[in-house]
Amino acid sequence: MNVLAIETSCDETSAAVVRDDLAVLSNIVLSQDEIHAPFGGVVPELASRQHLKSIGPVVRESLATAGVSLEALDYYAVTQGPGLIGSLLVGLCFAKGLAYYHQKPVLGIDHIQAHIESAFLENPGLAFPILALVVSGGHTSLFILKRKLRYQLLGRTRDDAAGEALDKIAKFLDLGYPGGPVIQKLGAAGDPGRFEFAVPRMSDRSLDFSFSGLKTAALRIIRGNGIVKDGPRLADFLASFENAISRALLRNVARAAEKVKPKSLILCGGVARNKRLRAAFENLAVERGLQHAIPSPKLCTDNAAMVGALAWAQVKTLKKVPLSLDLDAYPRQKGSNLHI
Ligand code: KG4
Ligand code: ZN
């Protein structure tokens with residue numbers, strides 16, 4: 001059986017065909033980076049207009065690569081939220097139109113849960129309970145999954161997402177968009193201990209994150225030390241900033257691990273492509289004797305294979321999968337924090 005999965009929550013148009021044994025037959029991702037780069041961030045109106053142009057060709061290419069016809073599909077799955085409403089609606093309407101015409105069920109998929117599910121594509125045997133850190137341009141959230149598909153939110157960012165902080169500092173220094181990859185590249189040879197950042201602590205001892213303080217500290221260091229694009233101290237500054245973001249993320253993972261005693265750790269989302277963060281996360285898992293999964297880079301950034309993976313998990317695990325053409329887009333993350 002095959003699902004056609006569609007993801008258009010932000011600025012990537014993606015379609016994938018995923019088989020029920022989780023073989024990814026195709027995973028086409030068309031990035032809009034070039035369109036948004038001049039603005040240093042995603043422009044929602046431009047994103048939805050570009051999705052409209054791209055969705056047809058991307059779905060067609062996905063089916064052709066997989067060698068599967070529309071008639072041979074068993075399910076449709078599409079990201080419902082959170083994300084940019086205009087962008088989400090393009091994918092939703094496209095999937096619903098196809099599903100209606102071909103009289104096949106369509107599943108509405110949560111983007112953040114799909115990021116977590118991406119880890120199971122390459123590591124299907126991860127042991128529960130699992131502590132999962134989702135870290136991207138729009139989200140920074142920590143979940144505990146005691147069982148498959150049971151997500152309990154432990155903490156989330158109270159201001160910027162980690163990727164957003166990287167993107168904003170890159171924009172300030174005129175380094176380009178998206179900021180994460182360019183900061184990684186230009187900071188690779190830098191000294192991560194050269195500039196000191198105090199990693200913020202929540203006064204209420206919660207597992208929430210905050211990155212606005214780090215951003216302000218970064219701006220102070222930039223101004224105080226004359227850090228500029230192509231300047232001699234740029235690499236050290238970028239390495240130090242990246243390191244501070246990584247420490248802020250991992251401190252909460254370590255604190256949560258103490259409390260909830262997981263068997264496995266997952267790191268996922270676009271920022272999980274970061275080499276420094278991947279290495280530090282792996283160290284943390286190994287030190288604590290925990291299984292861990294960090295998806296390969298192409299599965300970290302937004303892609304439809306993760307949407308297909310979650311669709312199959314729902315079909316196989318849930319007694320009753322909500323299947324309705326009455327799906328609407330939602331902009332924000334669902335659910336409130338769990339107090340532990
Ligand atoms: O998951 P994603 O593709 O989209 C959202 O759902 O937000 O994540 C995009 C984010 C951007 O902020 C980008 O700067 C960041 O992921 N990113 C990275 C790297 N590659 C992408 N951050 C740090 N290091 C990277 N190598
Ligand atoms: Zn994402």
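**Cis peptides, helix packing and internal spaces**

Pro 178 sits in the loop between α5 (162–172) and α6 (179–187). Helices and strands here are DSSP runs, numbered from the N terminus (helices H or I, at least four residues; strands E, at least two). The model is predicted: local features need pLDDT of at least 70, side-chain atom pairs count only at pLDDT 80 or more, and totals for chains, interfaces and linings use all residues. Residues are numbered from 1 along each chain as its sequence is written, chains are lettered from A and ligands numbered from 1 in the order in which they are written, and side-chain values use heavy atoms, with hydrogens and water left out.

The bond leading into Pro 178 is cis. This peptide bond runs from Tyr 177 to Pro 178, and its omega is near -5°. A cis peptide bond also joins Phe 128 and Pro 129. Here omega is about 0°. Pro 129 lies in the loop between α4 and β6 (130–135). Backbone geometry also singles out Gln 103. Its phi is near 55°, a positive value in a residue other than glycine. Gln 103 belongs to the loop between α3 and β5.

Three helix pairs were examined next. Two packed helices are described by the angle between their axes and the distance between the axes. Axes are lines fitted to C-alpha atoms, for helices over the stretch in contact, and angles run from 0 to 180 degrees between N-to-C directions.

The helix that follows Pro 178, α6, packs on α8. The angle is about 125°, and the axes are 8 Å apart. This makes α6 oblique to α8 (under 35 degrees is roughly parallel, over 145 roughly antiparallel, 65 to 115 roughly perpendicular, the rest oblique). The crossing of α6 and α8 is left-handed (the near helix is turned anticlockwise from the far one by less than a right angle; clockwise is right-handed). On the α6 side, the contact (heavy atoms within 4.5 Å) uses Ile 183, Gln 184, Leu 186 and Gly 187. On the α8 side, it uses Leu 234, Ala 235, Leu 238, Ala 239 and Glu 242. By class, 6 of these residues are nonpolar, 2 polar and 1 charged (Ala, Val, Leu, Ile, Met, Phe, Trp, Tyr, Cys and Pro count as nonpolar, Asp, Glu, Lys and Arg as charged, and the others, Gly among them, as polar).

Helix α8 also packs with helix α7 (residues 212–225). The angle is about 165°, with the axes 11 Å apart. Therefore α7 is roughly antiparallel to α8. Their crossing is right-handed. From α7 come Leu 214, Ala 218, Ile 221 and Ile 222. They meet Phe 237, Phe 241, Ala 244, Ile 245 and Ala 248 in α8. This contact has 9 nonpolar residues, with no polar and no charged ones.

The third pair is helix α2 (residues 44–66) and helix α3 (residues 85–102). Their axes come within 8 Å and cross at roughly 30°. The two helices are therefore roughly parallel to each other. The crossing is right-handed. Helix α2 contributes Ala 47, Ser 48, His 51, Leu 52, Ile 55, Gly 56 and Val 59 to the contact. Helix α3 contributes Gly 86, Ser 87, Val 90 and Phe 94. The contact of α2 with α3 divides into 6 nonpolar, 5 polar and no charged residues.

Internal spaces were then mapped. On a 1 Å grid over the protein atoms alone, a cavity is a set of points where a 1.4 Å probe fits but cannot get out, and a pocket is an open set with protein on both sides within 12 Å along at least five of seven lines; lining residues have an atom within 4 Å of a point. Points are joined across faces, edges and corners, and a volume is the space filled by probe spheres set on them.

The structure holds 2 cavities of 30 Å³ or more. The largest cavity encloses about 80 Å³. Its lining includes Val 199, Pro 200, Arg 201 and Met 202. Asp 208, Phe 209, Ser 210 and Phe 211 are also among the lining residues. Ala 248, Arg 251 and Asn 252 line this cavity too. The lining has 6 nonpolar, 2 polar and 3 charged residues.

The second largest cavity has a volume of about 50 Å³. Leu 166, Glu 242, Ile 245, Ser 246, Leu 249, Val 271, Asn 274 and Leu 277 line it. Helix α8 (residues 234–260) supplies the largest share, 4 residues. The classes are 5 nonpolar, 2 polar and 1 charged.

The second largest pocket has a volume of about 360 Å³. It is lined by 20 residues. Asp 110, Gln 113, Tyr 151, Tyr 330 and Lys 334 lie nearest its centre. Two or more lining residues come from each of β5 (106–110), α4 (111–122), β8 (151–156) and α11 (305–317). Strand β5 gives the largest share, 3 residues. The pocket lining divides into 11 nonpolar, 7 polar and 2 charged residues.
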